[in-house]
Amino acid sequence: MNPLLRFFGYLFLSLSPSFSVFYFVSTPKSIRVVLAIGSAFFWLLSFLLTSILWYVISPLRDNIYFGLFLSLPFQEVFRFFYFKLYMRLRRAERQTPTPVDDISEFFSIGVGGGVMQVLVFFSPFLWESRNDGVLFLPNCALNLFEVSALTSFCVSYIHILLSPIALIGYKTRSVTSILGVIVIHVFVSGMTLLFGRQNCGIPLGIIFGSLICVLLLDYKVVTSYLKSNLHLNVQSTSASS
């Protein structure tokens with residue numbers, strides 16, 4: 001296969017969820033584009049703090065588990081900080097967004113982190129895919145670039161889908177939703193460590209299964225949020241009339 005075609009194939013596969021959501025959900029309103037860019041910046045800040053700690057604690061630099069699981073708390077903390085900033089922005093506007101606007105903006109916030117996660121973790125493999133050779137993982141029929149692209153596809157999609165669940169959890173103060181997002185985030189990240197140790201079909205299958213579960217959970221949480229808020233809006237309109 002032509003290396004250039006392979007390069008763009010892996011690129012579009014890994015970033016297709018983020019680009020699709022950004023184009024169809026974020027671009028219709030400028031505020032959503034701004035929210036996506038802002039969330040990307042906050043994700044980079046969390047990664048910067050992780051890198052600083054990783055550099056300072058020198059005995060643990062060679063421990064991949066330390067680097068991975070150290071980044072997760074920072075990502076969740078900065079997600080919460082960004083939510084607080086988002087709510088202050090909404091109060092400053094003195095406008096009450098519709099529930100549909102809420103969900104669209106929550107997805108847009110997830111896009112920024114999803115894109116940054118793919119670019120930071122997958123770009124080294126993506127750049128090497130422009131060359132002629134390929135590298136195969138042990139006990140795996142797929143090469144390293146294919147595994148990385150498929151993993152990035154799933155992880156970025158999961159990151160986008162978790163955003164509404166987490167932000168709705170913050171807004172409604174649902175401890176179950178918040179803890180569920182953290183557990184899913186840790187679990188999926190942990191599955192990526194199995195590549196090279198197990199048949200790649202096992203972690204890939206688990207990650208794909210996690211994506212389906214998160215998609216169903218996202219549908220349940222979002223529809224419940226929309227129904228409850230639309231019901232409240234109808235009640236307030238009836239009371240005012």
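1. In this predicted model, the axes of helix H4 (residues 99-128) and helix H5 come within 8 Å and cross at roughly 155 degrees. Angles over 145 degrees count as roughly antiparallel, and H4 and H5 are therefore roughly antiparallel to each other. The crossing in which H4 passes H5 is right-handed.

2. Helix H5 itself covers residues 144-172, and its 29 residues reach 41 Å from the first C-alpha to the last, which is close to the 42 Å expected at 1.5 Å a residue. There is nevertheless a kink of about 25 degrees at leucine 162 in H5, and this kink lies shortly before proline 164.

3. Both ends of H5 deserve a look in the viewer. At the N-terminal end, asparagine 143 acts as the cap, with a side-chain oxygen lying 2.9 Å from the backbone nitrogen of phenylalanine 145. Beyond the other end, H5 is followed by arginine 173, for which phi is positive, near 60 degrees.

4. As for exposure, H5 is mostly covered, since 23 of its 29 residues are buried. One residue to inspect is serine 156, which lies in helix H5 and has a relative accessible area of 0%; because buried means under 20%, serine 156 counts as buried.

5. Where does the side chain of serine 156 reach? The side chain of serine 156 reaches the backbone oxygen of serine 152, at 2.8 Å. An α-helix has 3.6 residues a turn, so residues three or four places apart point the same way.

Conventions. Residues are numbered from 1 along each chain as its sequence is written. This is a predicted model: local features need pLDDT of at least 70, side-chain atom pairs count only at pLDDT 80 or more; totals for chains, interfaces and linings use all residues. Side-chain values use heavy atoms; hydrogens and water are left out. Helices (H or I, at least four residues) and strands (E, at least two) are DSSP runs, numbered from the N terminus. The expected span of a helix is 1.5 Å times one less than its number of residues. The bend at a residue is the angle between axes fitted to the seven residues ending there and the seven starting there. Buried means under 20% relative accessible area, exposed over 50%, partly exposed in between (1.4 Å probe, protein chains only). A polar contact is a pair of N or O atoms within 3.5 Å; within protein, one must be able to donate a hydrogen and the other to accept it, and residues adjacent in sequence count only if both atoms are side-chain atoms. Axes are lines fitted to C-alpha atoms, for helices over the stretch in contact, and angles run from 0 to 180 degrees between N-to-C directions. Angles under 35 degrees count as roughly parallel, over 145 as roughly antiparallel, 65 to 115 as roughly perpendicular and the rest as oblique. A crossing is left-handed if the near helix is turned anticlockwise from the far one by less than a right angle, and right-handed if clockwise.
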